[in-house]
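The exercises below go through a protein structure one part at a time. Try each task before reading its solution.

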Amino acid sequence: MQAYEKVSLARAAGRPTALAYIHGVFDDFFELHGDRFFGDDPALVCGIAELNGLSVTVIGLEKGGSTQEKISRNFGSANPEGYRKALRAMKQAEKFHRPVVCLVDTAGAYCGIGAEERGQGSAIAANLVAMMGLKTPVISIMIGEGGSGGAIALAAANEVWILENAYYAVISPEGAASIIWKDAGKVKEACEALQLTAADLARLGIVERVFAEKGDVFAALREALGQALPGYLALPAEKLTEQRYEKFRKVGRSEL
Amino acid sequence: MLKKSSFKRPNNALEGGEAAAEKKEMNEGVCVACPACKRMLFLDELSEALNCCPHCGHHLRLSARERIALTADEGSFAELWPGETGGDPLAFPGYADKLKKAHKASRESESVVTGTCRVGGSPCALFVMEGAFMMGSMGTVTGDKITRLFEYAARENLPVLGFTVSGGARMQEGILSLMQMAKISGAVGRHSDKGLLYLAVLTDPTTGGVTASFAMEADIILAEPGALIGFAGQRVIEQTIRQKLPEGFQRAEFLLEKGFVDAIVPRKEQRSVLGTLLRRHERGSAYAGV
C-alpha cells in the first residue's frame with residue numbers, strides 16, 4: 001500500500017481514538033486532570049488503570065469522536081499544559097513504580113499564540129529529559145498520527161510500538177510538500193520520501209513492534225503489554241534507563 | 001501593528017534562509033544592508049561592532065567560526081570531531097545536492113561545530129550551530145555530535161556552553177532527525193545528573209525541534225536581543241489561527257517576559273557574562289572533587 005493511503009487511514013474518520021484503546025485494552029481507568037500550573041488540557045487524557053492485575057499509568061492524545069468533542073479536544077493537538085499534565089502523571093508513575101503506557105495520536109503539538117506564550121517548546125523539552133531518565137518502564141504506541149515533536153514528547157520510551165496503518169514523521173506530509181517541493185499538491189511524494197509508515201519505521205529501527213489491524217487489536221495489545229511490562233518492571237532502574245538511552249543513542253550514531 | 005519588515009525577514013530555515021545567505025554573498029567584500037533598519041553598513045565597521053548594526057543595534061547573524069572567535073579565549077579552542085559528515089540515509093529527493101550546497105555555503109561539514117575552549121579563563125565544552133548549513137537544521141550528525149559533546153563533558157567534568165541557531169529537525173533525514181531530540185535530551189540529563197552546568201545562548205532563529213529539546217534544557221538560558229525563538233514557525237501559526245501575530249511575538253524579549261529565558265545578553269557583553277557564569281559554577285562542588 002502506498003504511504004499516502006496509510007496516512008489517509010491514520011486520519012480516517014471513525015478510526016478508534018485514544019479513549020477507545022484506554023477502555024478496550026485496560027480495565028477500571030480513572031482519569032486524572034490538570035497540570036497543577038495552568039489548567040486541564042482535554043487533548044491529553046491520563047490516569048490510572050489496570051492491566052492483568054498490574055497498575056498502569058496511561059497517557060493518551062485524544063482527538064475526540066463527534067465534531068463537538070473534536071473541537072473541545074482541539075483535534076488532539078495538545079497545548080503545553082497537556083504535556084505538563086503528562087509529565088506530572090509520569091513522575092507520579094515513577095514514584096509508585098507503575099509502568100507508563102502512552103497512546104500517541106496527534107497531527108502535532110498545537111501551533112497557536114497561547115501555546116507559544118506558555119512555552120510549547122519548553123514543555124516538550126522537559127518531557128524528553130524526564131522521560132529519558134524515568135526510573136519506571138515506558139512503552140509508547142502510535143495508534144494513528146505520530147506528528148513530529150508533539151508525538152515524540154510522549155515517545156522517549158523503552159519501546160515504541162505502532163499499528164499497521166499509523167504513521168510517525170518528523171513533519172506533516174503537507175508541511176514537507178509545501179516547504180521542500182514548494183507545492184502543496186506534492187503530498188503523496190512527501191509521504192513516500194519521509195518513510196513514515198509502520199513498515200518503514202520497523203526497517204529503520206525506530207519501532208520495535210508493528211500490530212496488524214485485523215481481528216481484536218485491543219486484545220492483541222493487551223496481551224503484548226501483559227507480556228512486556230513485567231519484564232521491564234523487574235529491571236533495576238539503572239538498566240531500565242540505560243536500555244532506553246541506548247535505544248535512542250544508536251539512531252544516527254556515526255563511527256567513533 | 002506589524003512591521004512590513006517582520007514579514008520580509010526569513011523566520012527560519014524553511015522560509016528563505018538560503019535566499020538570505022545568497023544575498024550576503026552578493027554583497028560580500030563591500031557592504032551589507034542592516035536587515036532591521038536597512039542602512040548600508042561597511043563590513044569592517046560591522047565586524048568591529050561584532051556584527052551588530054552600529055545604528056539600530058540589530059544583531060546580524062554570525063557564522064559558527066566567527067562566534068567561536070568572539071567567545072573563546074584566544075587560541076583555546078580545540079575542535080572535537082571535525083569534518084564529520086553524514087550520508088543521505090533515506091535517499092531523500094534532492095538532499096544530496098542540498099548537502100553539497102550547504103558545504104559550499106558554510107564551509108562546514110555539518111550544522112554544528114563542537115570542541116573545548118576557555119571563556120574568561122574557565123574551561124568548557126562548546127557547541128556552536130552553523131546557520132549557513134541548511135539553516136542550522138538538526139540531522140543525525142548534528143544530533144550525534146551534540147550528544148557526544150555532552151557525554152564527553154560528563155566524563156571530563158566540564159560544563160557545556162552551547163549556541164543555538166536552527167530551523168529545527170532536518171526534514172530530509174525524516175524520523176531519524178526527530179529521534180535526535182530524545183537522544184540529545186538523554187545526554188543533557190546525564191550531564192546534568194552529574195551536577196554540571198549547561199549554559200545555552202539562543203540566537204536568531206532558534207525554532208522547532210531544537211527549541212523543543214536542548215535549547216530549552218539548559219540550566220541557564222540566555223538569548224541575543226531580538227532573536228526569534230519559538231516552537232512553531234510564524235507562518236504555520238498564522239495559517240492555524242487565521243490571524244496576524246502581534247508585534248514582537250516569539251522574539252527574545254517576548255520570551256523573557258513570558259518567563260522562558262533567564263536574560264537577554266547583547267553580543268558585546270556575552271564574553272564577560274559567560275565567563276562570569278562559568279566561574280561562579282567552578283567554585284561549586286562540581287569540578288573540585290568529583
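A residue counts as buried under 20% relative accessible area, as exposed over 50%, and as partly exposed in between (1.4 Å probe, protein chains only). The model is predicted: local features need pLDDT of at least 70, side-chain atom pairs count only at pLDDT 80 or more, and totals for chains, interfaces and linings use all residues. Residues are numbered from 1 along each chain as its sequence is written, chains are lettered from A and ligands numbered from 1 in the order in which they are written, and side-chain values use heavy atoms, with hydrogens and water left out.

**Exercise 1. Describe chain B and the confidence of its prediction.**

Step 1. Helices (H or I, at least four residues) and strands (E, at least two) are DSSP runs, numbered from the N terminus. Chain B has twelve helices and nine strands.

Step 2. Of its 290 residues, 57% count as buried.

Step 3. pLDDT is the predictor's confidence in each residue, from 0 to 100. The average for chain B is 90, and 88% of the residues score at least 70. Below 50 lie residues 17-26 of chain B, a stretch with five contacts beyond near neighbours in sequence; a contact means heavy atoms within 4.5 Å. Residues 285-290 of chain B are also below 50, with twelve such contacts. Where pLDDT is low, the predicted coordinates should not be read in detail.

**Exercise 2. Describe the interface between chain B and chain A.**

Step 1. Chain B brings 48 residues to the contact and chain A brings 46.

Step 2. Buried area is the accessible area (1.4 Å probe) that two parts lose on being put together, summed over both. Between chain B and chain A this area is about 3,900 Å², and carbon and sulfur atoms give 73% of it. On the side of chain B, the residues that lose the most area to chain A are B:M171, B:I175 and B:F231, together 16% of what that side buries.

Step 3. A salt bridge is a side-chain nitrogen of Lys or Arg within 4 Å of a carboxyl oxygen of Asp or Glu. Four salt bridges are counted between chain B and chain A.

Step 4. In chain B, α6 (140-156), α7 (174-193), α9 (234-241) and α10 (252-258) each supply at least two residues of the side that touches chain A. The most comes from α7(B), with 15 residues.

**Exercise 3. Where is A:R249, and which residues does A:R249 touch?**

Step 1. A:R249 belongs to helix α12 (residues 237-249) of chain A.

Step 2. A:R249 counts as buried because its relative accessibility is 2%.

Step 3. Not counting residues up to four places away in sequence, A:R249 touches B:D144, B:T147, B:R148, B:E151 and B:K183.

Step 4. With B:D144, A:R249 forms a salt bridge whose closest N and O atoms are 3.0 Å apart. Salt bridges that share partners join A:R249, B:E84, B:D144, B:R148, B:E151 and B:K183 into one network.

**Exercise 4. Place three salt bridges that lie within a chain.**

Step 1. A:D40 and A:K85 form a salt bridge at 2.6 Å, N to O. A:D40 is in the loop between β1 and β2 (44-51) of chain A and A:K85 is in helix α4 (residues 80-95), so the pair ties together parts that are 45 residues apart in sequence. A:D40 is partly exposed, at 34% relative accessible area, whereas A:K85 is buried, at 1%.

Step 2. A:K63 and A:D105 form a salt bridge at 3.2 Å, N to O. A:K63 is in the loop between β3 (54-61) and α3 (67-72) of chain A, and A:D105 is in strand β4 (residues 100-106), 42 residues apart. A:K63 counts as buried at 12%, and A:D105 is buried at 2%.

Step 3. B:R170 forms a salt bridge with B:E110, the closest N and O atoms being 3.0 Å apart. Both B:R170 and B:E110 are buried.

**Exercise 5. Find backbone angles that depart from the usual.**

Step 1. Most residues other than glycine have a negative phi, and most peptide bonds are trans.

Step 2. A:D28, not a glycine, has a positive phi of about 55°. A:D28 lies in strand β1 (residues 27-32) of chain A and counts as exposed, at 66% relative accessibility.

Step 3. B:M134, also not a glycine, has a positive phi of about 45°. B:M134 is buried, at 15% relative accessible area.

Step 4. The peptide bond from B:D204 to B:P205 is cis, with omega near -15°. B:P205 lies in strand β7 (residues 198-206) of chain B.
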